[in-house]
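Trainee: I'd like to take a close look at one part of this model with you. Could you walk me through that part and then place it in the rest of the chain?

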Amino acid sequence: MSRPPAPPHLPTVQVAVASAVLAAGMQAILAAGGLRGPADGGPADVLIVDDAWLADPDALGGHPALVAIGSGVWAALLPDLSAGGWAALGADATPAELLAGVLGAAAGLAVLPPALLPSPAPEAPTDLQDDDAAGVPAGDVSLTPRERDVLALLAEGLSNKRAARDLGVSESTVKFHVQALYSKLGVQSRAGAVARGIALGLVSV
């Protein structure tokens, strides 16, 4: 009696999120899609994480494929952390988006939901003055000591790699702080962050 043909290979998945309830829900969604954890207890093809890992993103470095749920900051961090594909999904990702993210990351693709894609702004002015004008009011800006350090190094024109070396942290950690600066200062570029920081008295050059 001949054996039936083997089903197409599906990636193994490990869920490593802080909430046990969320983890159980994700595992149920994955199981419904035919996705399971590694049978031998070894490393999975795809690792799913949440914002709890932002405290130490370097711990994820080198994993074959990563799917992060939550903050949009992941879109800037994952390309350097994952050895292969990755997906950055919102906290409200649907079951279909979760499955698409896992399968896309396993296939070596980069997956972003529409909500996390950069908004096209063909008519937006690109000069520094207008980028600065889009910033938030001065009274609403509160930077952590590390964010001030990173902003000061940006003002000196240092690259993320050089800033990481000077601060004794990883390049991924610097990227995380840069993205936080963009969000707090209401800008979209390093030059805009520096200009906004100078205007608010947060950094001097």
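What handedness does the β-α-β unit made by S3, helix H2 (residues 74-81) and S4 have?

Mentor: Happy to. That unit of S3, H2 and S4 is right-handed, in the sense that, with the strands pointing away from the viewer, the path from the first strand over the helix to the second runs clockwise. Before we go on, a word on the ground rules: this is a predicted model, where local features need pLDDT of at least 70, side-chain atom pairs count only at pLDDT 80 or more, and totals for chains, interfaces and linings use all residues. Residues are numbered from 1 along each chain as its sequence is written, and side-chain values use heavy atoms, with hydrogens and water left out.

Let's stay with the two strands. S3 and S4 run parallel and are joined by four bridges, and Val67 has Ala87 as its bridge partner in S4. Strand S4 (residues 86-89) is covered on both faces: Trp86 and Ala88 are buried on one side, Ala87 and Leu89 on the other. Buried here is under 20% relative accessible area, exposed is over 50%, and partly exposed is in between, with a 1.4 Å probe and protein chains only. That fits a general pattern, as side chains in a regular strand alternate between the two faces of the sheet.

Now follow the pairing outward from S4. Two bridges join S4 to S5, again in parallel, and Ala87 finds its partner in Val111 of S5. Between these strands the chain passes through helix H3 (residues 95-106), and this β-α-β crossover is left-handed. On the other side of S3 lies strand S2 (residues 46-50), which runs parallel to strand S3 (residues 66-69) and is joined to S3 by four bridges; there Ile48 stands opposite Val67. S2 also pairs with S1 in the parallel sense, over four bridges, with Leu47 as the S2 partner of Gln14. S1, H1 and S2 make up another left-handed β-α-β unit.

Put together, this is an open, parallel sheet of five strands in the order S1-S2-S3-S4-S5, where two strands pair if DSSP finds at least two bridges between them. Strand S1 (13-16) and strand S5 (110-111) are the edges, each pairing on one side only. Helix H1 (residues 20-32) packs on the sheet and touches S1, S2 and S3, its direction making about 165 degrees with that of S1. Contact means heavy atoms within 4.5 Å, while the angle, on a scale from 0 to 180 degrees, is taken between N-to-C directions of lines fitted to C-alpha atoms, for helices over the stretch in contact.

How does the rest of the chain continue? In total the protein has eight helices and five strands; helices are DSSP runs of H or I with at least four residues, strands runs of E with at least two, numbered from the N terminus. The elements run β-α-β-β-α-β-α-β-α-α-α-α-α from the N terminus on, and several of the later helices pack together. In helix H5 (residues 145-155), Glu147, Val150, Leu151, Leu153 and Leu154 are buried. These residues lie on the same side of H5, because they cover an arc of only 160 degrees around the axis, counted from the directions from the helix axis to the C-beta atoms. They pack against helix H6 (160-167), H7 and H8.

H6 tells its own story: Asn160, Ala163, Ala164 and Leu167 are buried, and their arc of only 100 degrees puts them on the same side of H6. Lys161 and Arg165, on the other side of H6, are exposed. H5, H7 and H8 are among what covers the buried residues of H6. After H6 comes Gly168, with a positive phi near 75 degrees.

In helix H7 (residues 171-185) we meet Tyr182, which is buried at a relative accessible area of 15%. Leaving aside residues up to four places away in sequence, Tyr182 touches Val187, Gln188, Ser189, Arg190 and Ala193. Helix H8 (residues 190-199) has Gly192, Ala193, Val194, Ala195, Arg196 and Gly197 buried. Across the whole protein, buried residues make up 39% of the 205 residues.
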